[in-house]
Amino acid sequence: MKVLDYIYRKVSEGKMHMTLIDPAKQSPEESARIAYEAYLAGTDAIMIGGSTDLSMELVDETVLKIKDRVNLPTILFPSGAHVLSRYADALYFMSLLNSRNPEYLVKQQVKGAPIVKKFGIEPLPMGYLIVEPGMTVGKVGEAELLPRDKPEIAAAYALAAQYFGMKLVYLEAGSGAPEPVPPSMVEVVKKEIDIPLIVGGGIRTPESAHNLARAGADILVTGTLVEQVSDVKNALKDLISAIKTL
Ligand code: 1GP
């Protein structure tokens, strides 16, 4: 089954959880172990990406090791066209819509598109929106950060993504953000759009995941959490059950 069909089907049945793995943070074997524990905890897909200075070899090896251990979709979350792995099932073909720099709006995508076609990776068209505080990705992506207290601005961006024909919207507070995107913003954005809403950045507790899911997030992403705990399975189990029971 195509990954986009899988996501749309899952979202029609309930909330989804995705685990983000940054290949730069540990060895490919360790990344595969984390993915396996996340799978046991009930995660629905593995996202691979993060750091800007990744090598293609490391991404390739990480994807392959993960695929050896878990039978879940592997989705690249690329920082640019230089890290596309031919072994991934899909990638977020994303535009950072609130960037000031055309490089992140369209130029990296132009570089990447022929590679995506050649490798036969499924592109998942996605509007990527960075909300305050934005952390590293906000700085690197030269984002005009979306103000936390002006949800209507985020909602207008999300609707523009939908009208462009994008199939997903990602509201990002930035990896390691002290607080996730406010649930009140998620609620306003979700009301405005019909496509699935992904929320990530700073989600570390079952309670905050629950609140975001209840506010309307369809897909919750956690990355830092799995790097920080020794027992990935149990930490994620609690968080995933807090969103799946909605
Ligand atoms: C980052 O939204 C993801 O792009 C995950 O953020 O690392 O804070 O979980 P965390």
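A crossing of two helices is called right-handed if the near helix is turned clockwise from the far one by less than a right angle, and left-handed if it is turned anticlockwise. In this predicted model, helix α6 passes helix α7 in a right-handed crossing. Two packed helices are described by the angle between their axes and the distance between the axes. For α6 (residues 151-163) and α7 (residues 183-192), the axes come within 8 Å and cross at roughly 35°. On the α6 side the contact is made by Pro151, Glu152, Ala154, Ala155, Ala158 and Leu159, and these residues meet Ser184, Met185, Val188, Val189 and Glu192 of α7.

Helix α4 was examined along its length. The helix has 18 residues (residues 102-119), and at 1.5 Å a residue the expected span is 26 Å; the C-alpha atoms at its ends are 25 Å apart, which agrees. The helix is nevertheless bent, by about 35° at Val110, and the proline Pro114 follows within four residues. At the N-terminal end, Asn101 acts as a cap, with a side-chain oxygen 2.9 Å from the backbone nitrogen of Glu103. After the helix comes Gly120, which has a positive phi near 70°.

An α-helix has 3.6 residues a turn, so residues three or four places apart point the same way. The buried residues of α4 are Gln108, Gln109, Gly112, Val116 and Phe119. The elements that cover them include α3 (56-69), β4 (90-96) and β5 (122-130).

The loop between β4 and α4 contains Asn98. Asn98 has a relative accessible area of 1% and is therefore buried, since the limit for a buried residue is 20%. Its side chain reaches the backbone oxygen of Ile130 at a distance of 2.9 Å. Beyond its neighbours within four places in sequence, Asn98 is in contact with residues including Tyr128, Leu129, Glu142, Leu146 and Tyr157.

Glu142 is placed in the loop between α5 (135-140) and α6. With a relative accessibility of 34%, Glu142 counts as partly exposed. Apart from residues up to four places away in sequence, Glu142 touches Asn98, Ser99, Arg100, Asn101 and Tyr104. Tyr104 is 38 residues away from Glu142 along the chain, yet their C-alpha atoms are separated by 8.4 Å.

Backbone geometry was considered next. Most residues other than glycine have a negative phi, and most peptide bonds are trans. Glu142 is not a glycine but has a positive phi of about 50°. Met135, also not a glycine, has a positive phi near 50°. Met135 belongs to helix α5 and, at 25% relative accessibility, is partly exposed. The peptide bond joining Glu132 and Pro133 is cis, with an omega of about 5°. Pro133 is in the loop between β5 and α5.

A further buried loop residue is Asp218, which lies between α8 (206-215) and β8 (219-222). Its relative accessibility is 8%, and it therefore counts as buried. A polar atom of the Asp218 side chain lies 2.8 Å from the backbone nitrogen of Leu197. Leaving out residues up to four places away in sequence, Asp218 touches Val11, Gly14, Lys15, Met16, Lys190, Ile195, Pro196 and Leu197.

Key
Residues numbered from 1 in each chain as written. Predicted model: local features only at pLDDT ≥ 70, side-chain atom pairs only at ≥ 80, totals over all residues. Heavy atoms only, no water. Helix = DSSP H or I, 4+ residues; strand = E, 2+ residues; numbered from the N terminus. Expected span 1.5 Å × (residues − 1). Bend = angle between axes of the 7 residues up to and from the residue. Buried < 20%, exposed > 50% of the residue type's maximum accessible area, 1.4 Å probe, protein only. Contact = heavy atoms within 4.5 Å. Polar contact = N/O pair within 3.5 Å; in protein donor to acceptor, adjacent residues only side chain to side chain. Axes fitted to C-alpha atoms, helices over the stretch in contact; angles between N-to-C directions.
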